[in-house]
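Please open the structure in your viewer and keep the sequence panel beside it. The tour goes from the whole chain to one helix, and then to a single residue.

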Amino acid sequence: MSRTEQAYQLLKFRFRAMNTNVEVQLAAGREEAEHAAALVKNWFETQEQRFSRFVADSELNRLNRCTGWMPISAAMDEVLSLAYGYMGQTEGIFQPGISQALRASGYDVSFEQVQQIQLQQSGTARRLNTRHADITGMQKDEYDYSRPRWIQREGSRMVHKDPGTELDLGGIVKGWAVERIADWLQRTLHIQAGLINAGGDIQAWGATTHPMWSVQVTDPYQEKRNLPGNIQLRKGAVATSGVIRRQWQNTDGSLSHHLIDPRTMKPANTDVLQCTVLGQHASQCEIIAKTVCIWGSAEAVGWLNRHYDRHDVLWMTRDGSTYFRGNTDTLAERWPGFDPDHRFSLI
């Protein structure tokens with residue numbers, strides 16, 4: 001019997017990394033799966049140490065403290081190149097130069113610490129002091145939020161930032177890490193079927209002999225409950241983003257969240273609570289999901305149409321409505337159980 005014909009048991013592994021829960025499902029022998037899962041865990045831990053703004057000596061923080069040209073790793077070079085391309089695709093709505101704005105909104109420690117601080121507050125109110133980072137220069141009319149704030153010297157792995165720029169790559173690194181390790185498991189370890197899920201950013205693959213993957217979508221109104229529908233896929237990617245899971249209350253009673261609108265450098269004022277995207281690449285799905293959340297329903301469909309985007313995109317709004325923009329012919333097959341209130345076909 002050939003390796004591809006063997007019926008492997010699906011083994012599951014879980015760990016915590018990048019400030020989120022990571023789940024690994026692999027169709028392989030136990031010894032092989034355990035070895036692969038250990039390598040996946042090491043991969044995520046390594047990238048957390050490289051890209052986290054909450055790790056004092058991370059490569060990202062060293063880059064943010066640097067003036068002039070700085071040599072960077074191959075991984076940092078790859079992620080910055082991807083970020084550069086996605087800024088153009090999103091018309092500047094995806095903007096890595098938002099670190100100061102995140103701190104100003106109160107998100108200056110990991111979200112786990114944000115939650116601990118809020119729980120330690122007296123009484124029932126869960127509040128957090130906002131910070132006063134200087135973002136006035138970013139709020140001027142002439143500030144071009146769509147322009148990259150760094151230069152990469154091609155072929156040299158050298159980067160130069162604009163003065164005062166601080167990068168945050170949290171909006172892309174998780175999807176990139178999921179996508180890259182899933183590709184490596186297929187190409188190098190030849191694992192015939194698997195799924196990597198890092199906090200809702202998912203990359204899956206499988207042979208024709210492997211059952212379809214069924215991905216549940218969490219209800220934004222009740223995080224622990226799944227919606228009646230799910231996503232069916234043989235291989236590809238799913239990513240979910242929203243304003244509910246990473247949200248806190250400020251001392252003035254206002255609510256803040258982690259999705260910064262680069263046009264205002266403040267948490268996005270949007271009607272979209274959560275967006276889920278189905279496609280081929282986790283990093284691209286992640287960017288699209290965040291961008292739809294920031295654009296809001298009124299502008300999201302137009303943006304997707306302008307770029308002739310072919311992804312399936314499902315989002316839910318504050319008034320309880322559900323929107324779908326994608327291949328409506330395969331909606332019942334790929335999204336069984338969902339009956340969106342508003343449907344927009346691909347153009």
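Accessible areas come from the Shrake-Rupley method with a 1.4 Å probe. With the whole chain of this predicted model selected, the accessible surface comes to about 16300 Å², of which 48% belongs to carbon and sulfur atoms. Of the 347 residues of the chain, 52% count as buried. If you switch to a cartoon view, the secondary structure to look for is nine helices and 19 strands. Among the contacts that join residues at least 6 apart in sequence, 61% are between residues at least 24 apart.

Next, select residues 173–187, which form helix 6. Because a helix is expected to span 1.5 Å a residue, these 15 residues should cover 21 Å, and the end C-alpha atoms are indeed 21 Å apart, which agrees.

Now colour the buried residues of this helix, among them Val 173, Trp 176, Ala 177, Ile 181 and Leu 185. In general, an α-helix has 3.6 residues a turn, so residues three or four places apart point the same way. To see what covers the buried residues of helix 6, show the elements around them, including strand 2 (20–27), helix 1 (30–51), helix 3 (74–89) and helix 7 (282–295).

Finally, select Trp 184, which also lies in helix 6. Is Trp 184 buried, partly exposed or exposed? Trp 184 counts as partly exposed, because its relative accessibility is 32%, a value between the cut-offs of 20% and 50%. Leaving aside neighbours within four places in sequence, Trp 184 is in contact with Leu 39 and Leu 189. As a last step, draw a distance from Trp 184 to Val 40: although they are 144 residues apart along the chain, their C-alpha atoms are separated by 9.7 Å.

Terms used. Residues are numbered from 1 along each chain as its sequence is written. This is a predicted model: local features need pLDDT of at least 70, side-chain atom pairs count only at pLDDT 80 or more; totals for chains, interfaces and linings use all residues. Side-chain values use heavy atoms; hydrogens and water are left out. Helices (H or I, at least four residues) and strands (E, at least two) are DSSP runs, numbered from the N terminus. The expected span of a helix is 1.5 Å times one less than its number of residues. Buried means under 20% relative accessible area, exposed over 50%, partly exposed in between (1.4 Å probe, protein chains only). Contact means heavy atoms within 4.5 Å.
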